[in-house]
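Here are a few notes to read alongside the structure. They take up aromatic rings, charges over rings, and one strand residue.

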Amino acid sequence: MEQALPLEKKTVWKNLQEHKKRLEKINIIELFNNNPSRFKQCSIQQGEFLLDFSKNRIDEKALKELIKLADSCHLPAWMNQMKAGHNINHTERRSVFHIALRAPADQEMITDGRNVVPEIQQELNKMEQFVKKIHEGEWRGYSGRKITQVVNIGIGGSDLGPYLATQSLRPYWLKKVEMHFVSNLDGAQLALTLEGMDPETTLFIIASKSFATLETIYEAQTAREWFLEKAVEHEHIQHHFVALSSNVQKATEFGIAADNIFRMWDWVGGRYSLWSSIGLSIALTIGMDNFRSILAGAHEMDKHFFEADFRHNIPVILALLGIWYRNFFDYNTQAILPYDSLLHLLPSYLQQLDMESNGKHIKRNGASANYATGPIIWGETGSNGQHAFFQFLHQSDTVVPVDFIASINTHYPLRDHQSLLFSNLIAQSEALMKGRNLDEVLESLSPDSPDYDHQQLIARYRTFRGNTPSNTLLINKLTPHNFGALLAMYEHKIFVQGVIWNINSFDQWGVELGKELASHLQRDLIHGLNVEGHDPSTTGLLKHYLKISEPS
């Protein structure tokens, strides 16, 4: 399903360029002055979410044109293709069917000619039984002692998604086991994690779809060596290692019992996999009921995405605003600013989800895109960011659109912390929009002040550019259900943008070259071979490393 015309040659694209010329001369404040109902018209309530997108450099005319752009790119058809389980990941010849992982047990989700919901439910039930055995002490280590420590070894989507979920849902921790996450090939992370642990009470989850990911398998081998130093017998591995993988053969060759392998499917991409058995670490941390609630929240957002008209569709509106700024205003970055410290990993998670999905310029037909695609995603929690990079947001010459995210109700109601936090969020979004010009600064000064001359001198330093666009997403409370909906919302936003840019959001060929080169360099470093067979810089670095490195 290809677009009939290149994106940049479509009439609707040219119309949007004209809308941009019109709107770049108008301040957001003027849009409010011209339309007293702007907040009501530019906000969407869905479940326990409220999206306010009124503080954007856009009006109804331009928004309607953006919706026409989505229609001209056949977005409804692409959504139906995804929902029907078709192979929309064309480079890897796979369907993109993570939405099936959160479908209710009575729903049919068909791909490759079969309804996959029964096998998904079977795997969820297997996870539930395993979690129950661990929590109730029924699952024992090789010496008969209970499991108290669990180490999830994975990387990318096999690490960051579960890690984000467990950190974000800390109020729901059952404290049956202590969960740890290891992803970095740097030995320090694994060594420090294992420090003080007892192999008799430690369980390792090896999370790798292919069971061949270098970082994960090497760390798993190191963990196995650490375990066998005390356990000695290889047969004891079955009591302390489980795998989340689609490659049963490699997992069993590693020493993991077939019954201890939790299934994955080809149609689940790594960065979309926390909804699958990759979520085992989440279930062990917050319980299976809460994990199912995460799935239910995501499914609710799926229904909203597939059923709501585009004008009132949260993921679609967010996507279109992103297109508006990336392609017509030439803003190449977006900040994610959660005013909820439980969501401190969300910017990193969305950085991977978005930039690995849409950080590419080759279109579905193999041609290069003549327009910008995925933006740079970054961010930090508020109010920490206010004392760091907000200076840049307010007074640099680079405009950065912002997503503010906040929970209205907190799990930790200390004094007036939540009200103070929320007032900071609103103040920052207002300041980014309004700004402050020189006349306003000068009017605020008092000639009677003994510091009046100095204040006049520094008046320009106190001006703010303003007119910076932002969205504000308010969530009633950060529950497992709402957490699932939040991640699904961003998943669908990214998918919509990939459709409009005519790129495949579900492959990641950009990681391959580094892997290939690293596999050759590993042999050179470990065995000291072929050091001269590289460019001068690489050769020089290898020689220096070999000269200085201490034997392990």
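Are Phe389 and Phe390 buried or exposed?

1. This is a predicted model. Phe389 is buried in it, and Phe390 is buried as well.

2. The structure has 25 aromatic pairs. Take Phe329 and Tyr331: their ring centres are 5.5 Å apart, and their planes meet at 40 degrees. An angle from 30 to 60 degrees counts as tilted, so this pair is tilted. Both Phe329 and Tyr331 are buried.

3. Phe389 and Phe390 also make an aromatic pair. Their centres lie 5.5 Å apart, with 35 degrees between the planes. This pair is tilted.

4. Some rings join up through their pairs. One cluster links Trp13, Trp324, Tyr325, Phe328, Phe329, Tyr331 and Tyr371. The tilted pair of Phe329 and Tyr331 thus has both of its residues in this cluster.

5. Two arginines deserve a look. The charged end of Arg38 sits over the ring of Phe32, 5.5 Å from the ring centre. Arg224 places its charged end over the ring of Phe254, 4.2 Å from that centre.

6. Now turn to Ala406. This residue belongs to strand S12, which covers residues 402-409. Its relative accessible area is 3%. Buried means under 20%, so Ala406 is buried.

7. What does Ala406 contact beyond its neighbours within four places in sequence? The partners are Tyr339, Leu425, Leu473, Leu474 and Ile475. Phe422 is 16 residues from Ala406 in sequence, and the two are 7.5 Å apart in space, C-alpha to C-alpha.

Note on methods: Residues are numbered from 1 along each chain as its sequence is written. This is a predicted model: local features need pLDDT of at least 70, side-chain atom pairs count only at pLDDT 80 or more; totals for chains, interfaces and linings use all residues. Side-chain values use heavy atoms; hydrogens and water are left out. Helices (H or I, at least four residues) and strands (E, at least two) are DSSP runs, numbered from the N terminus. Buried means under 20% relative accessible area, exposed over 50%, partly exposed in between (1.4 Å probe, protein chains only). Contact means heavy atoms within 4.5 Å. Rings of Phe, Tyr and Trp (its six-membered ring) pair if their centres lie within 6.5 Å; planes under 30 degrees apart count as stacked, over 60 as edge-to-face and the rest as tilted. A charge sits over a ring if NZ of Lys or CZ of Arg is within 6 Å of the ring centre and within 35 degrees of the ring normal.
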